[in-house]
Amino acid sequence: MHFKNILVPYDESDHALSALHTALALAGPYPEARVHVITVIPAGALPGPTLMGEGIGTAYALSNPASYEELMDSVVGRVRAEVDEAVRRSLDDARCQVVTDAIISASPVEGIAEYVERQGIDLVVMGRRGLGALRGMLGSVSFGVLRSVEVPVLTVK
């Protein structure tokens, strides 16, 4: 198998789900293959540590860094659980290893590019269009990833 470390950026869109199925079809029969399924949480979408807001369903004001870190861990954990459930529903009889994660980054493109480099990814399989605004033939995130990584990128409808 040529691609043994595949990344699927997942945002709950239909295109991302298709990308997940495609990656599992490519790697599924190979126990030595690994499919990483990640969701990137844009840092700008999260509440700040000392601001009042309703970003998590309740007003808060945190001045204790440990409390803020616990809050962010909770958000990441909740998103990771959602990714785990999507993967569980999609696995069928795949024998490959599956790693799920949720990461916080300045932008989805930056988070994906950093993950590719850090994890030694050799193929990115992603939806052409996600849940964000559409720009032309490709979504802005898939277009940005194509320009930002040094590995092949397979876009899926």
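Strand β4 (residues 123-127) is largely enclosed by the rest of the structure, because 5 of its 5 residues are buried. The model discussed here is predicted. Burial applies to both faces of β4: L123, V125 and G127 are buried on one side, and V124 and M126 are buried on the other. In a regular strand the side chains alternate between the two faces of the sheet.

**The sheet**

The enclosed strand belongs to an open sheet of 5 strands, ordered β3-β2-β1-β4-β5, with parallel pairing. At the edges stand β3 and β5; each has a single partner strand, so one side of each is left without a neighbour in the sheet. On average, neighbouring strands of this sheet are turned by 25° against each other, direction ignored.

On one side, β4 runs parallel to strand β1 (residues 5-9), and 2 bridges join the two strands. Here the bridge partner of L7 is V124 in β4. The pairing of β4 with strand β5 (residues 153-156) is also in the parallel sense and extends over 4 bridges. In that pairing, T155 of β5 stands opposite M126.

**Nonpolar cores**

The largest nonpolar core holds 19 residues, and the members that touch the most others are I6, V8, V35, V37 and V125. At least two residues of this core come from each of β1, α1 (14-27), β2 (34-42), α2 (65-90) and β4. The largest share is that of α1, with 6 residues. There is also a second, separate core of 13 residues, with I38, I112, A113 and V145 among its members.

**Helices α3 and α4**

Helix α3 (residues 108-119) consists of 12 residues and spans 16 Å from its first C-alpha to its last, close to the 16 Å expected at 1.5 Å a residue. Its buried residues include G111, I112, A113, Y115 and V116. Among the elements that cover the buried residues of α3 are β1, β2, β3, β4 and α4. Just after this helix, G120 takes a positive phi of about 65°.

Helix α4 (residues 140-148) lies across β4 and β5 and runs at about 165° to β4. One of the residues in α4 is V145. V145 counts as buried, with a relative accessibility of 0%. Which residues does V145 touch, not counting those up to four places away in sequence? They are V109, I112, V124, M126 and V153. The C-alpha atoms of V145 and P108 are separated by 8.8 Å, although the two residues lie 37 residues apart along the chain. V145 and I112 also both appear in the second core of 13 residues.

**Three individual residues**

The table lists the relative accessible area and burial class of N5, E12 and D92.

| Residue | Relative accessible area | Class |
|---|---|---|
| N5 | 13% | buried |
| E12 | 54% | exposed |
| D92 | 70% | exposed |

N5 is placed in strand β1. With a relative accessible area of 13%, N5 counts as buried because the cut-off is under 20%. The side chain of N5 makes a polar contact, at 2.7 Å, with the side chain of H36. Leaving aside neighbours within four places in sequence, the residues in contact with N5 are R34, H36, Q119, G120, I121, D122 and L123. Of these, L123 is one of the buried residues of β4, and G120 is the residue with positive phi just after α3.

E12 is placed in the loop between β1 and α1. Its phi is near 75°, a positive value in a residue other than glycine. The relative accessible area of E12 is 54%, and the cut-off for exposed is over 50%, so E12 is classed as exposed.

D92 is found in another loop, between α2 and β3 (97-105). Although D92 is not a glycine, its phi is positive, at about 50°. D92 is exposed as well, with a relative accessible area of 70%.

**Surroundings of β4**

Taken together, the entries for β4 describe a strand with paired neighbours and covered faces. In the sheet order, β4 stands between β1 and β5. Helix α4 lies across β4 and β5, and V145 of that helix touches V124 and M126. These two residues are buried on one side of β4. On the other side of β4, L123, V125 and G127 are buried, and V125 is among the members of the largest nonpolar core that touch the most others.

Key: Residues numbered from 1 in each chain as written. Predicted model: local features only at pLDDT ≥ 70, side-chain atom pairs only at ≥ 80, totals over all residues. Heavy atoms only, no water. Buried < 20%, exposed > 50% of the residue type's maximum accessible area, 1.4 Å probe, protein only. Pairing = 2+ DSSP bridges. Core = buried A, V, L, I, M, F, W, Y, C linked by side-chain atoms within 4.5 Å. Polar contact = N/O pair within 3.5 Å; in protein donor to acceptor, adjacent residues only side chain to side chain. Contact = heavy atoms within 4.5 Å. Axes fitted to C-alpha atoms, helices over the stretch in contact; angles between N-to-C directions. Expected span 1.5 Å × (residues − 1).
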